[in-house]
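Visitor: I have a structure to go through with you. Could you take me through its helix packing, its core and its backbone oddities?

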Amino acid sequence: MKLSEAWLREWVNPELSTADLVEQITMAGLEVDGVEAVAGEFSGVVVGEILTREQHPDADKLSVCMVKGDGAEPVQVICGAPNARAGIKIPYATIGAVLPPGADGKPFKIKKAKLRGIESFGMLCAQAELKLGDGNDGIWELPEDAPVGTCVREYLQLNDSSIEIDLTPNRSDCLSIKGVARDVGVLNRLAVNEPEIAAVAPSIDDTFPVALNAGEACSRYAGRVIRNVDVAKPTPLWMQERLRRADIRSIDAVVDITNYVLLELGQPMHAFDLSTLNGSVQARMAEQGEKLTLLDGQDIELNADTMVIADDSRAVAMAGIMGGEATAVTAETKDIFLESAFFDPIAIAGRARSYGLHTDSSHRFERGVDYQLQETAIERATQLLLDIVGGEAGPIGVVENEYKPVDREVSLRRARINSGLGFDMDDDTVIDILIRLGLSLQRSDDEGWTFAVPSYRFDISIEADLLEELARVYGYNNLPVTSMSVPMLIESDDEAAIGLSSLHQVLVNRGYQEAITYSFVEPKLQEMFDKQHQAVALSNPISADMAVMRTTLWPGLVKALQYNQNRQQSRVRLFETGQRFLPEAGGLIQDQVIAGAVYGSRQPEGWAEKQQPIDFFDVKADIEALLAVGGSAAEYRFEPAKHDVLHPGQCARIERNGSVIGFMGALHPSLLAQLGVSGPVFLFELKLADIETGVLPNFEELSKFPETRRDLALIVDESVPVATLLDIVKQQGGEWLKNTTLFDVYQGEGIDNGKKSLALGLTWQHPSRTLTDEEVNDVVESIVSNMQSSCGAMLRG
C-alpha cells in the first residue's frame, strides 16, 4: 500500500524526519518497502493563465498564447496543445525553468525560442512533462481558483514523499491512512486528528431494498440512495493528488470519492447507477456458469463458490472484488446507490486470483475489514459527494443477519509477560499501550487483565497476540537482553537399543536393497498372504488395487520382486521396514516390522565360482547376522513351524526367549503358481520391537592360558535339530566352555537311511590356569552321555 506522508501527517505529526518515521513504523511491524518523491525534480514552474489565444500564422497545430505568469506583464508563448484556450489556468515554465529529465536522462532547461518565426518565452506543461501523471494529450488544466504566479510545487504541495508499506496479511487494520496514523500515534504517544464525520441528514426518503442470501459470506450490508448528482463536475485537484500519490488513477468524481474513502478509512465501497438496478439488491452465491461483464470490460463465467451482488434479474458485481459494467456510473448518471458491506474474509480469499484479478477491494476484504465501519464510510462518502457533485441523500439502510461477527475478549496474565518478553512490565504501561491501541479494559484481578478487542483488529484473538502488541509498541530494541537459562538435563541413552539404520546396514552389506511399498494392498492379494486376519477396508480407497490395509509386508515385497523378475532381474534381494495393521478385539494393532524377499543365486554372477541357487540356510544366515547386531544371538532360536504362506518343509518360526517374534521360509509352491512368480522365493518378517534391544558388552580379561578343543562326530536321527544338541553342550559344557561350532553335516554313503552325521567343535579355556586332559575328557563324556540318553546320539566310528 502506498500513502502520502503529508496526508499522514495531517492525521498525526510526530517530530520525526521522514527517515526516522520510516524506521519507526518498520520496527513496529509495518515494513516499509520504499520511499520516493511524489514528483520529479523541477523548478521555475508557476501557475499561469492564458489571457488570449490566436492561431499561429504559419502552423496549423500551433497557437500563440498570451500568458500571465509571475511577472507584471503577460508574455508570449507558442503552444501545440489542442486544449489551449483563453481563460484556463495552466503550469507555466518560465525562462530558465528546469524540467524533469526526459528519455536521455538529462534535465530540460527552458530557453527563449523562435517557432516558425515567432518568439516564445517559456512553455505550457502537460502532467507527464512534470512527472505528475500520465496525461500527455494536452496542457494540464488547473482549477479555476489556482492563484496565478504561485510556484506549482508550493501550490500542489509537492515537497512530499510516497511511502510504500508491505503489510503482513494479519495487519489489515493498517490498509488505510487511519490505520497507519493510529499506530504512529500509539508509538509516539500522540493524539490522532481524525476528520469530523457527522451524520448527513436525509433530504429525501428514498431507499432501495437489500437482501442477504449468502449466509456467513455476507453478514452486513449498508446502502444509501443519492439523487440528482452531477457527475460532470471534476474531482478536486487535492483529491486527485492524494489518489495519484497512492498509485490510484482518477476516473470521475463519484468513483474517486469511493477510492478516497477506501484509502482514508480502509472500507471498500461501490456506487451503482440506480437507474440500471432492477427491483432490489441482494448478496448471493453465483450460479455455475453465470456471466458477468466487469468494469474493465472483461467477460467472465462465474463459479458457484463466488459471491455476487445481484438485482432481481442478474449479477451486477463480484462481491468484494469488482463491479459490473452494466451498472457502472457514467457521464449520464443522475442517481446512485452507494453500498458498503462486510464480507467474510474466507468467502473472498482466493476468488479474485481464480479469475486472474487482484483489486484494492479484494486485497482488503480477503484480509478482513472492520465490521462496524460500514455506516461511517457511507457518511464520509456522502459528505464528499454532496460537497463535490451535489445531490440529495436518502437515509442509510443497514441489513444484518445472525452471522455478524461477535465482539471478542482476550485475557493477559502478568506471569506470561515475564515468560514471554523476559521482564516484568509495570501495570500502567501495559494498560496504557493496549488502550491506546484501541482495546478496552473489561476487568482485572491479581493474575492479570481481560481486554475487549476492537472490531478492526482481526489479528488479536489469543494471549500471545497481546504479548506481540506490547513488544512492538514498547520497542523490540528496548526489550532487555538476558542470557538464556535452561536446565540442561541430559536424558540417559539406552545403550542397549539398536538403531534402525544399523539393522538396515547389515542387510545392505549382505546385498539387499531397501524397498518402500504402499500400506494399502489389493484385497485378494492380502487374503492370499493372510487368511487369519480380516484386513481393515478403506472407506475411500485411492483405487480398487489399494482398498485394504496390509496385515503383513509380504504382499508388497512379492509384487516388487515379481516386477523385477518381469524385467529380467535374475537376482533380487529386497527388505522393507514399515507398519502392519492387525485387527484385534481391542482395536487395531500397528506393529513395526522388518521383512524381506529373496530370489535367485547365492552370489552375484562372476568367474570365481559357479552359480548356485539360494537356499533356506542362506536366508537363515542373513537373519542370524541381523539378530547378532545386538550381541544377543544366543537368545534366539529357529524352530520348525507351519505357516499357510510358506512351504511346509522349509518354514521356521523365530523365537526370542520363548516368544515368537517372526517367521521365515520358502514361499508356498501353490502361491508361486497363482502369482506367476518364478521360484524358489524366500521370505522373512520380524517384529522390530523384539530385535531392537540387545545386551551391553561386559569386559572379560583375556586368558593367558591355552585353549583346549575336542571334536565330536555324532550320528543322530535326521529329525533331531542341531539346536537340541547345542543346548546339551551348553548345559553340560561347564563354565569354561568358550565356543561350540557345527562344522560338518553329512548324509550319504556309510550313514544309515534316516540318519545324519554332525561334527561339533568344542573349545574350553580357563582364565587362570591350563585345563588338564582329565578335566576336559570328563566334561566330554558327560556331554556324550546326555546326548545318547536324550537324542539317541552315537559317536561315529
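Guide: Start with a term. A crossing is right-handed if the near helix is turned clockwise from the far one by less than a right angle, and left-handed if anticlockwise. Keep in mind that this is a predicted model.

Visitor: Which hand does the crossing of α19 and α20 have?
Guide: Helix α19 covers residues 722-732, and helix α20 covers residues 773-791. Their axes come within 9 Å. With the hand defined as above, the crossing of α19 and α20 is right-handed.

Visitor: How is α19 oriented to α20?
Guide: The two axes cross at roughly 140°. Angles over 145 degrees would count as roughly antiparallel. The crossing angle therefore makes α19 oblique to α20.

Visitor: How many nonpolar, polar and charged residues are in the contact of α19 with α20?
Guide: From α19 come T724, L725, I728, V729 and Q732. They meet V779, S782, I783, N786, M787, S790 and C791 in α20. By class, the residues of this contact are seven nonpolar, five polar and no charged.

Visitor: How is α12 oriented to α13?
Guide: Helix α12 spans residues 427-436 and helix α13 spans residues 463-474. The axes come within 10 Å and cross at roughly 95°. Angles of 65 to 115 degrees count as roughly perpendicular. So α12 is roughly perpendicular to α13.

Visitor: How many nonpolar, polar and charged residues are in the contact of α12 with α13?
Guide: On the α12 side are T429, V430, I433 and L434. On the α13 side are L466, E469, L470, V473 and Y474. The classes in the contact of α12 with α13 are seven nonpolar, one polar and one charged.

Visitor: Which hand does the crossing of α6 and α10 have?
Guide: The axes of α6 and α10 (residues 374-388) come within 10 Å. They cross at roughly 140°, which means α6 is oblique to α10. The crossing of α6 and α10 is right-handed.

Visitor: How many nonpolar, polar and charged residues are in the contact of α6 with α10?
Guide: Helix α6 brings A253, V254, I257, Y260, V261, E264 and L265. Helix α10 brings T376, A377, R380, A381, L384, L385 and I388. The contact of α6 with α10 has eleven nonpolar, one polar and two charged residues.

Visitor: Which helix gives the largest share of the largest nonpolar core?
Guide: This core has 51 residues. Those with the most contacts inside it are L3, I165, V180 and L385. The largest share, eight residues, comes from helix α6 (residues 253-265).

Visitor: What is I165 in contact with, leaving aside neighbours within four places in sequence?
Guide: I165 is one of the core residues with the most contacts inside the core. Outside its sequence neighbours, I165 is in contact with M1, L3, I25, L30, E31, V32 and V180.

Visitor: Is D33 buried, partly exposed or exposed?
Guide: D33 sits in strand β2 (residues 31-37). Beyond four places in sequence, D33 is in contact with E164 and D166. Its relative accessible area is 46%, so D33 is partly exposed.

Visitor: What is the C-alpha to C-alpha distance from G133 to R249?
Guide: G133 is in the loop between β10 (123-124) and α3 (152-155). G133 touches Q127, A128 and R244, not counting residues up to four places away in sequence. G133 and R249 are 116 residues apart in sequence, and their C-alpha distance is 8.9 Å.

Visitor: Which residues are joined by a cis peptide bond?
Guide: Most peptide bonds are trans. Here one bond has omega of about 0°. P680, in the loop between α18 (669-675) and β35 (681-687), is one partner. The cis bond joins G679 and P680.

Visitor: What is the phi of Q568?
Guide: Q568 lies in the loop between α16 (554-565) and β30 (572-584). Q568 is exposed, at 69% relative accessible area. Phi of Q568 is positive in a residue other than glycine, near 60°.

Visitor: What is the phi of N657?
Guide: N657 is in the loop between β33 (646-656) and β34 (659-667). With a relative accessible area of 59%, N657 is exposed. Phi of N657 is also a positive value in a residue other than glycine, near 50°.

Conventions: Residues are numbered from 1 along each chain as its sequence is written. This is a predicted model: local features need pLDDT of at least 70, side-chain atom pairs count only at pLDDT 80 or more; totals for chains, interfaces and linings use all residues. Side-chain values use heavy atoms; hydrogens and water are left out. Axes are lines fitted to C-alpha atoms, for helices over the stretch in contact, and angles run from 0 to 180 degrees between N-to-C directions. Helices (H or I, at least four residues) and strands (E, at least two) are DSSP runs, numbered from the N terminus. Angles under 35 degrees count as roughly parallel, over 145 as roughly antiparallel, 65 to 115 as roughly perpendicular and the rest as oblique. Contact means heavy atoms within 4.5 Å. Ala, Val, Leu, Ile, Met, Phe, Trp, Tyr, Cys and Pro count as nonpolar, Asp, Glu, Lys and Arg as charged, and the others, Gly among them, as polar. A nonpolar core is a set of buried Ala, Val, Leu, Ile, Met, Phe, Trp, Tyr and Cys residues joined through side-chain atoms within 4.5 Å. Buried means under 20% relative accessible area, exposed over 50%, partly exposed in between (1.4 Å probe, protein chains only).
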